[in-house]
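Trainee: I am new to this structure and would love a friendly tour. Could we take it one question at a time?

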Amino acid sequence: MNEPTEPNQTSAVMLKEHTLHSKAPAERTNAEQAPAKRTSADGDLMSHKQILQVLTGLLAALFTAMLSSTIVGNALPTIIADLHGTQTDFAWVVTAALLANAATTPIWGKFADLYNKKLLVQLSIVIFVAGSVLAGFAPDMTTLLAARVVQGTAMGGLTALVQAIIGTVIPPRERGRYAGYMGAVMAVATAGGPLLGGFIVDSPLGWRWTFFVCVPLAVIALLMLQKTLKMSHERRHVKIDWLGSVLLTAGVSILLIWVSFAGQPGHYEWLSGTSALMVGIGVVLLAVLVWVESKAAQPIIPLKIITERTTALSIIASISVGVAMFGSATFVGQYFQVARGATPTEAGLLMLPMVAGNLIGATVSGQLITRYGKWKRFLVIGAILVISGTGLAGMMDHQTSLWLAGIFLLLLGLGMGLLMQNLVLGVQNTVRAKDIGAASASVAFFRSFGGAIGVSVLGAVLAGRVNTLATAGMQEAGIPVSGDGAGATLDFASLPPAAAEIMRSAYGDGTALIFQLSAVIAVVALIAVLFIKERPLRRTIDIKPTTASPVEPGMVGGAGPVMTGSLPVTDGARPTGGGQPDAAAGGQCRK
């Protein structure tokens with residue numbers, strides 16, 4: 001004989017039925033037919049083993065992309081000298097990739113919310129292979145820069161897609177548990193890249209193999225993704241914001257080209273008609289972009305997301321961190337090789353303190369965030385450490401003790417490890433799962449954008465500072481110089497020994513200025529993270545509708561209580577004893 005149903009239970013059943021029937025047909029189908037490998041029937045999250053299987057191919061792809069950036073770092077002085085480039089060319093080899101990365105990251109991120117993420121990751125790897133082969137065969141600087149643009153486009157895809165997929169399958173509160181794996185991959189790529197690049201350059205293979213060696217690694221990553229990444233995709237109506245994409249790329253590119261060549265010998269001055277025209281065009285294009293994005297049905301850069309407080313402040317901090325991160329990684333290797341006479345392999349070893357700091361910061365903070373759920377404090381500490389590391393590095397010259405330089409780089413690495421992933425974590429915690437791709441890509445875009453501007457501006461500042469110091473040194477030594485000064489060449493083999501030594505000293509002393517500027521810019525990151533409001537990290541993949549008893553304290557939302565698969569949530573008016581199923585939650589209470 002059936003027992004009578006209590007009023008509260010009847011209300012709960014009616015609420016469940018009303019909620020189910022009020023869903024759109026596509027949503028009901030998606031919820032009812034969700035594959036078991038992703039969630040179980042009662043809403044359980046993916047198991048640790050399942051997540052590791054997904055991460056295997058993703059981390060392999062991320063490792064390849066990061067290695068392609070770091071492996072070239074210590075080879076750049078040799079590459080520029082062999083192709084007869086200048087200090088401006090040195091900066092642009094890095095800037096070209098960062099520019100393409102920054103300009104395409106939001107586009108890849110939007111594609112991730114619309115198309116099959118697995119297919120997009122594989123496509124980005126194929127594009128990366130094409131760029132690597134082209135760079136390896138580059139006969140001159142123009143071809144090399146074009147190849148770096150292709151590589152940067154692919155790296156933009158990998159940056160956005162890996163973050164989007166991880167945000168799709170791992171709840172924010174549990175994500176720190178896997179930060180150790182990502183940190184280890186990043187550390188091996190960051191540390192192993194310069195070492196491998198230095199070894200290749202010093203070997204008979206030559207610098208071209210710093211590009212070729214990434215090709216088989218990319219193919220391996222492609223095969224691993226095909227085997228390990230199993231994702232379902234819900235087909236949706238797609239309308240690509242091509243106008244927004246063009247405006248974004250054009251506006252950012254013009255401003256970056258302006259800051260790269262302003263004040264350089266043979267180009268235009270900072271305060272000139274050409275500068276005013278380029279800045280004006282860039283600003284107008286970006287202003288039109290904002291208007292277009294506000295009207296677009298599916299914008300490349302969703303204004304509603306990036307203007308949310310946590311996301312907006314994270315973006316400001318990311319720009320500042322990008323300057324410090326990319327600027328230091330680009331020019332510190334040059335400092336060790338050019339100013340201190342280290343070989344490419346030795347320069348890679350000298351950068352290990354920064355890599356170790358990055359690994360320790362990312363891994364330890366990830367574990368502590370997972371355990372205690374607090375994340376803002378790590379952003380504040382990270383910003384302080386970045387300011388300290390860059391500020392202290394600003395005191396270096398061509399005679400600074402190498403162990404002291406290592407301590408400065410360790411502090412900088414710790415700060416970047418605490419900041420980079422946790423800024424993305426804070427943003428992903430505030431958006432719905434369907435917007436994770438665009439939100440993550442927005443943060444990555446502005447970080448790459450800040451890095452591209454930073455490398456361009458810092459490269460221009462370094463070139464000017466080196467030119468000034470070298471000209472003064474050569475005049476003091478009685479060595480004649482041209483009308484534009486001594487220049488900022490890296491082809492020391494073409495210089496007399498006395499002039500080459502003066503140039504080395506100028507590079508060593510001039511590098512301090514770019515770290516001082518980075519420290520000032522990093523203060524902006526500290527101010528931004530201080531104003532971020534810390535929200536409790538949810539234990540669910542998506543933001544769930546909540547009532548007076550929300551899934552996570554501080555969350556607000558929708559129509560009724562839900563079952564998250566991790567914590568049972570009950571209505572305060574409903575009796576919870578006896579282990580009765582929570583009908584409104586659609587799951588079972590666990591004792």
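Trainee: Which residues do ring pairs link into a cluster?

Mentor: Good place to start, and keep in mind that this is a predicted model. Here ring pairs tie a group of residues into a cluster, and its members are Phe137, Trp209 and Phe212.

Trainee: What kind of pair do the rings of Trp209 and Phe212 form?

Mentor: Both residues sit in helix α10 (residues 209–212), 3 residues apart, so about one helical turn separates them. Their ring centres are 5.3 Å apart and their planes stand at 80 degrees. Planes over 60 degrees apart count as edge-to-face, so the pair of Trp209 and Phe212 is edge-to-face.

Trainee: Is Trp209 buried or partly exposed?

Mentor: Buried means under 20% relative accessible area. Phe212 meets that with 16%. Trp209 has a relative accessibility of 41%, so Trp209 counts as partly exposed.

Trainee: How many aromatic pairs does a search of the whole structure find?

Mentor: The search of the whole structure gives 4. One of these pairs is Trp207 with Phe211, edge-to-face at 6.3 Å centre to centre and 85 degrees between the planes. Trp207 is buried at 6% relative accessibility, and Phe211 is buried at 1%. The total of aromatic pairs, then, is 4.

Trainee: Which residues make the nonpolar surface patch?

Mentor: One member, Val364, lies in helix α17 (residues 352–372). Val364 is partly exposed, with a relative accessible area of 43%, and a patch takes residues with over 30%. The patch covers about 360 Å², and its residues are Ile360, Val364, Leu368 and Tyr372.

Terms used: Residues are numbered from 1 along each chain as its sequence is written. This is a predicted model: local features need pLDDT of at least 70, side-chain atom pairs count only at pLDDT 80 or more; totals for chains, interfaces and linings use all residues. Side-chain values use heavy atoms; hydrogens and water are left out. Patches are made of residues with over 30% relative accessible area and no salt bridge: like charges are joined within 9 Å, nonpolar side chains (Val, Leu, Ile, Met, Phe, Trp, Tyr) within 5 Å. Accessible areas come from the Shrake-Rupley method with a 1.4 Å probe; for residues, only the protein chains shown count as cover. A salt bridge is a side-chain nitrogen of Lys or Arg within 4 Å of a carboxyl oxygen of Asp or Glu. Helices (H or I, at least four residues) and strands (E, at least two) are DSSP runs, numbered from the N terminus. Buried means under 20% relative accessible area, exposed over 50%, partly exposed in between (1.4 Å probe, protein chains only). Rings of Phe, Tyr and Trp (its six-membered ring) pair if their centres lie within 6.5 Å; planes under 30 degrees apart count as stacked, over 60 as edge-to-face and the rest as tilted.
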